[in-house]
Amino acid sequence: MRKIIPLMIILLLFGCEKKENTEEVKSIIEHNQNTIISIHYPITQIKSIDRVLEKDTFKILQEFKNTYDSFYTLNQPAELNIDYTKKEINNRYLNLTLSIFIDSPTLAHPENYLKTYVYDKKEQKFLTMEDLITKENLKILASKLQIQLLNQYKDCLFLEEMKTKINDDFQNYTLFTFDDTYLTIYKNPYEVASGNCKIITLSIPISELELKIPLTKETFIEKNVSTPAPQTKVIDPTKPVLALTFDDGPSIYTKEIIDFLKSQNANATFFVIGNKVELYQEIIKESIQNGNEIGNHSYNHKNLAKLSLEELKDQIDKTQEIIKKTTGYTPRLLRPTYGEKNQKIIQHTNLKVVLWDIDPKDWGQKKTKEEIVKHILSKVTNKDIILLHDTKKKTVEVVKLIVPKLIEQGYQFITVSELEEVKLLNQQ
Ligand code: ZN
């Protein structure tokens with residue numbers, strides 16, 4: 001006899017006003033034989049910033065590829081990770097950082113360094129330290145920073161050498177950001193011949209400086225996130241089921257995918273990257289409301305399998321927190337980056353670690369949508385998890401081709417958690 005079971009899923013009610021998403025984030029994620037690459041930087045819609053960010057990241061990527069692409073490493077490929085932070089102060093000053101991480105079996109230590117960009121939207125120019133404070137003020141700043149450096153970075157080798165670079169010469173202050181309370185100065189490890197220091201970060205209260213630029217205080221109001229309410233969905237466990245999964249988003253293509261899935265009465269699971277959640281929070285909320293599942297795919301797509309325990313937890317927890325804070329939803333699933341799953345990851349998370357059964361490699365630049373469709377349709381069987389990426393335009397087309405075809409064949413598209421329930425039911 002045919003059994004119909006209702007599965008409870010979580011639906012969010014929304015009271016928040018709609019925010020226009022004019023801004024995007026650019027993501028490049030590649031997994032090649034010798035290199036793994038994950039790059040994220042914002043598209044601000046301000047031409048001069050976007051041009052510089054693109055130029056700088058492209059240069060880093062090219063240098064990395066030139067060094068490591070042909071380098072045959074035996075165990076682990078070389079990794080490049082570029083992540084960003086972006087903070088706008090007083091609706092006028094845009095503070096951006098790029099954090100560059102390079103690891104390779106050929107390096108003694110992973111390289112970590114920072115680039116900063118401070119842009120004045122009103123004056124339409126990048127600010128230097130000289131635009132911010134006077135020469136006299138710089139002297140005061142330098143002496144304060146020197147004390148902080150000696151206190152906070154006692155264990156750093158070449159501390160004295162670093163100290164000499166914190167002086168009253170503006171040329172030594174190319175890395176800085178500020179908000180309405182602190183001015184922060186950074187020093188990259190490569191500025192001195194020392195491998196053991198991390199990026200040096202020193203902050204001085206703005207109140208102790210006389211800034212040359214106008215800066216009025218802004219108050220940030222925490223958004224209220226509404227409470228979830230349950231909704232009933234009907235799945236027939238006697239019929240074949242499939243779980244479509246999308247990694248590395250959200251992106252500008254996610255909305256089209258969730259709209260199409262809705263039109264087909266189909267659901268999927270989206271493994272999102274934490275640093276994109278805030279930007280695409282409305283789309284994630286809509287996705288949840290449509291019955292889709294959201295999973296954790298790290299904060300900035302570093303190779304989780306290679307991280308220290310502390311960094312691993314940070315990548316997972318930060319992503320859980322930002323999803324919860326912006327959407328009220330708590331993910332139950334984790335998909336490790338680059339599909340690299342190990343005992344450390346499994347043991348140190350409460351989340352269910354999920355990989356996939358079918359990988360048509362839709363992220364490959366040379367793969368056509370026809371090849372991807374053919375790959376999926378020729379391999380698919382009941383209860384499979386299919387890996388796709390909602391960061392690729394052609395993947396939208398792939399979804400539009402495969403979903404109706406597979407529904408016609410009798411498949412139901414459900415989330416990964418629902419698939420787990422169906423598997424359990426069928427075992428009984
Ligand atoms: Zn990924």
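Donors are N, O and S atoms within 2.8 Å of the metal (3.2 Å for Na, K and Ca), and because water is not among the atoms, sites may look incomplete. This is a predicted model, in which local features need pLDDT of at least 70 and side-chain atom pairs count only at pLDDT 80 or more, while totals for chains, interfaces and linings use all residues. Residues are numbered from 1 along each chain as its sequence is written, and side-chain values use heavy atoms, with hydrogens and water left out.

**View 1. Welcome to the zinc ion and its protein donors.** Here D248 (OD), H297 (NE2) and H301 (NE2) lie 2.1 Å from the zinc ion. Their spacing in sequence reads D-x48-H-x3-H. D248 sits in strand β12 and H301 in the loop between β14 and α8, so this pair ties together parts 53 residues apart in sequence. Strands (E, at least two residues) and helices (H or I, at least four) are DSSP runs, numbered from the N terminus.

**View 2. A salt bridge joins D120 and R92.** A salt bridge puts a side-chain nitrogen of Lys or Arg within 4 Å of a carboxyl oxygen of Asp or Glu; here the N to O distance is 2.9 Å. D120 belongs to strand β6, and R92 to the loop between β4 and β5.

**View 3. E256 meets K400 in another salt bridge.** Their closest N and O atoms are 2.6 Å apart. The pair links helix α5, home of E256, with helix α11, home of K400, across 144 residues.
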